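Subject: Handing over a structure

Hi,

I am passing a structure on to you, and I hope you enjoy looking through it. Could you open it before reading on?

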Amino acid sequence: METQYQELINKLNPKYLKLNEPLALHTTVGIGGPADIWYEAQSTPEFIEVINLARRLQIPVTILGRGSNVLISDEGIRGLVIKNGSKNIIIGQEVPIKETEELEEEMERIEYRWASDNQKGTFKYEFKDLDYDESNQPRIEVKIDSGVDMAFAINFLITKGITGLQWYARIPGNMGGWIYNNVHGGTHFINELVKSVDVLSDNGAVVTLKASDLNFGYDKSRFHNSNEVILSVTLNLFRGDKEKAKYVALEWAKRKAIQPHRSTGSVFKNISKDDQIRLNYPTASIGYIIEHVIKFTGFKIGDAGVSKAHHGFIENFGKATAKDYISVIREIQKAVYKANGLKLHPEIFLLGFKKEEISDII
Ligand SMILES: Cc1cc2nc3c(=O)[nH]c(=O)nc-3n(C[C@H](O)[C@H](O)[C@H](O)COP(=O)(O)OP(=O)(O)OC[C@H]3O[C@@H](n4cnc5c(N)ncnc54)[C@H](O)[C@@H]3O)c2cc1C
């Protein structure tokens with residue numbers, strides 16, 4: 001493997017290459033051991049070339065976006081960890097009105113599970129008052145590279161009078177990561193806007209996939225079960241009300257600001273509607289169960305603990321390790337199972353772990 005590593009390293013631009021790079025520096029939660037080889041490609045063609053070369057050399061490849069939905073092992077990740085640093089946003093043509101209607105018809109609607117408990121507890125923010133329908137506005141195509149930071153994209157596009165992403169303000173992540181897990185803001189899912197995705201397939205070819213090929217669901221896309229790499233995404237956005245979208249984005253971001261950033265987002269999938277009704281809970285939110293059912297406010301192992309601002313988040317309060325983080329997940333699962341018989345499932349991505357370290361929690 002050493003010769004293969006060397007062959008890959010020789011081909012990389014030393015300016016953007018780091019060996020044994022701590023991945024904690026590349027995740028919002030600030031946890032993660034070293035990557036053997038860390039590389040930030042500067043363009044999509046370079047991203048493709050490096051991944052294809054590593055694959056040819058049989059070096060394992062892991063893609064990272066903003067690192068906001070992952071927990072990386074303390075041992076780090078073997079092989080190449082690569083990020084797309086390409087940041088193009090290409091504004092295209094307005095979509096003819098007939099096609100707009102077809103898009104609305106074809107769009108897969110996913111039942112949202114977002115729920116607040118605005119009666120009691122810490123999870124008090126509400127978004128419903130900000131929601132509105134833009135479907136009668138003209139559409140416009142925008143192609144966004146997977147490496148684009150979406151906080152930047154939202155602001156950039158709104159200033160150009162292009163709307164549709166305002167519901168996702170203050171959700172960290174890059175375009176690639178957003179598609180990988182079908183990011184959701186309140187009642188909206190990003191799949192509502194996706195026209196197509198350019199991917200690097202397993203055999204090294206670039207292929208354009210239509211939205212209907214992407215198997216989008218709640219926290220789900222075809223990319224969970226494929227080796228494809230997301231290169232760029234074409235969204236059908238709106239020539240909507242710029243001032244309204246700007247207001248919603250700012251207000252949305254303000255309300256979301258209470259969520260702790262040094263985290264991986266919501267750790268567990270919400271419970272199903274059926275379980276919520278059966279258990280007579282006011283919400284399907286895991287935060288409610290952690291705060292009010294198992295009463296884990298303040299629960300901590302090492303520096304990893306339940307966030308007091310939002311009980312569905314596990315925060316790194318200092319120098320938490322992945323081991324601490326996993327132990328908190330495990331203790332929450334055990335307590336919830338004891339209280340109501342439900343097995344909670346993590347919705348974050350666990351990278352670099354040995355099977356036996358995590359088999360009981362996934
Ligand atoms: C404070 C906070 C708030 C959050 N709020 C929300 C929210 O409201 N709604 C929501 O849905 N999520 C939320 N999240 C979770 C997270 O922001 C999203 O899941 C986001 O989509 C992750 O994007 P990323 O670029 O950080 O992906 P990463 O965490 O870097 O990667 C996630 C997965 O995607 C894969 N991946 C990334 N890029 C590519 C690519 N180009 N090709 C193939 N695979 C790729 C990675 O290998 C990994 O398995 C929140 C997280 C935090 C920390």
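Below are my notes on it, starting with the ligand and moving on to individual elements and residues.

Please keep in mind that this is a predicted model.

**The ligand**

Let me begin with the part you will probably turn to. The ligand is surrounded by 31 residues, and the closest are Ile63, Gly65, Ser68, His184 and Lys256. By type, the shell around the ligand consists of 13 nonpolar, 15 polar and three charged residues.

Some backbone atoms take part in polar contacts here. A polar backbone atom of Gly65 lies 2.7 Å from an oxygen atom of the ligand. For Arg66, a backbone N or O atom is 2.9 Å from a ligand oxygen, and for Trp178 the distance from a polar backbone atom to an oxygen of the ligand is 3.5 Å. The protein buries 93% of the 990 Å² that the ligand exposes when taken alone.

Which elements give two or more residues to that shell? They are α5 (175-180), β12 (229-238) and β13 (263-266). The largest share, four residues, is from α5.

**Strand β12**

Since β12 contributes to the shell, here is how it sits in the fold. The strand is largely enclosed by the rest of the structure, because 10 of its 10 residues are buried. It pairs with β7 in the antiparallel sense over seven bridges, and Ile144 stands opposite Val233 of β12 in that pairing. Strand β10 (residues 194-200) also pairs with β12, again antiparallel, over six bridges. Val197 has Val233 as its bridge partner in β12.

**Strand β13 and its sheet**

β13, another contributor to the shell, belongs to an open sheet of four strands, with the order β13-β16-β15-β14 and antiparallel pairing. β13 and β14 (300-301) are the edge strands, each pairing on one side only. Within the sheet, β15 (residues 304-306) and β16 (residues 313-316) are antiparallel and share three bridges. There, Gly305 stands opposite Glu315 in β16.

One residue to look at in β13 is Ser263. Is Ser263 buried or exposed? Its relative accessibility is 3%, and so Ser263 counts as buried, the cut-off being under 20%. A polar atom of the Ser263 side chain lies 3.2 Å from the backbone nitrogen of Gly265. Leaving out residues up to four places away in sequence, Ser263 touches Thr28, Val29, Ser68, Phe313, Ile314 and Tyr325. Among these contacts of Ser263 is Ser68, which is also listed with the closest residues to the ligand.

**Helix α8**

Helix α8 (residues 286-293) is mostly covered, with seven of its eight residues buried. Those seven are Ile286, Gly287, Tyr288, Ile289, Ile290, Glu291 and His292. What do the buried residues of α8 pack against? Their packing partners are β15 and α9 (322-340), and β15 is one of the strands in the four-stranded sheet above.

The two ends of α8 have features that can be picked out as well. Ser285 caps the N-terminal end, where a side-chain oxygen lies 3.1 Å from the backbone nitrogen of Gly287. After the helix comes Lys295, with a positive phi near 50 degrees.

**Leu130 and Gly185**

Two further residues are easy to find in the viewer. Leu130 is in the loop between α3 (97-106) and β7 (139-145). With a relative accessibility of 5%, Leu130 counts as buried. Beyond its neighbours within four places in sequence, Leu130 is in contact with Trp167, Tyr247, Val248, Glu251, Trp252 and Arg255. One of these, Tyr247, is 117 residues away along the chain, yet the C-alpha atoms of Leu130 and Tyr247 are separated by 9.1 Å.

Gly185 lies in strand β8 (residues 184-185). Gly185 is buried too, and its relative accessible area is 3%. Not counting residues up to four places away in sequence, Gly185 touches Trp167, Tyr168, Ile171 and Trp252. Trp167 and Trp252 are also among the contacts of Leu130. By contrast, Leu157, which is 28 residues from Gly185 in sequence, is 17 Å away in space, C-alpha to C-alpha.

Happy exploring, and best wishes

Technical notes. Residues numbered from 1 in each chain as written. Predicted model: local features only at pLDDT ≥ 70, side-chain atom pairs only at ≥ 80, totals over all residues. Heavy atoms only, no water. Near = heavy atom within 4 Å. Polar contact = N/O pair within 3.5 Å; in protein donor to acceptor, adjacent residues only side chain to side chain. Areas by Shrake-Rupley, 256 points an atom, 1.4 Å probe, with all protein chains shown as cover. Nonpolar A, V, L, I, M, F, W, Y, C, P; charged D, E, K, R; others polar. Buried < 20%, exposed > 50% of the residue type's maximum accessible area, 1.4 Å probe, protein only. Contact = heavy atoms within 4.5 Å. Pairing = 2+ DSSP bridges.
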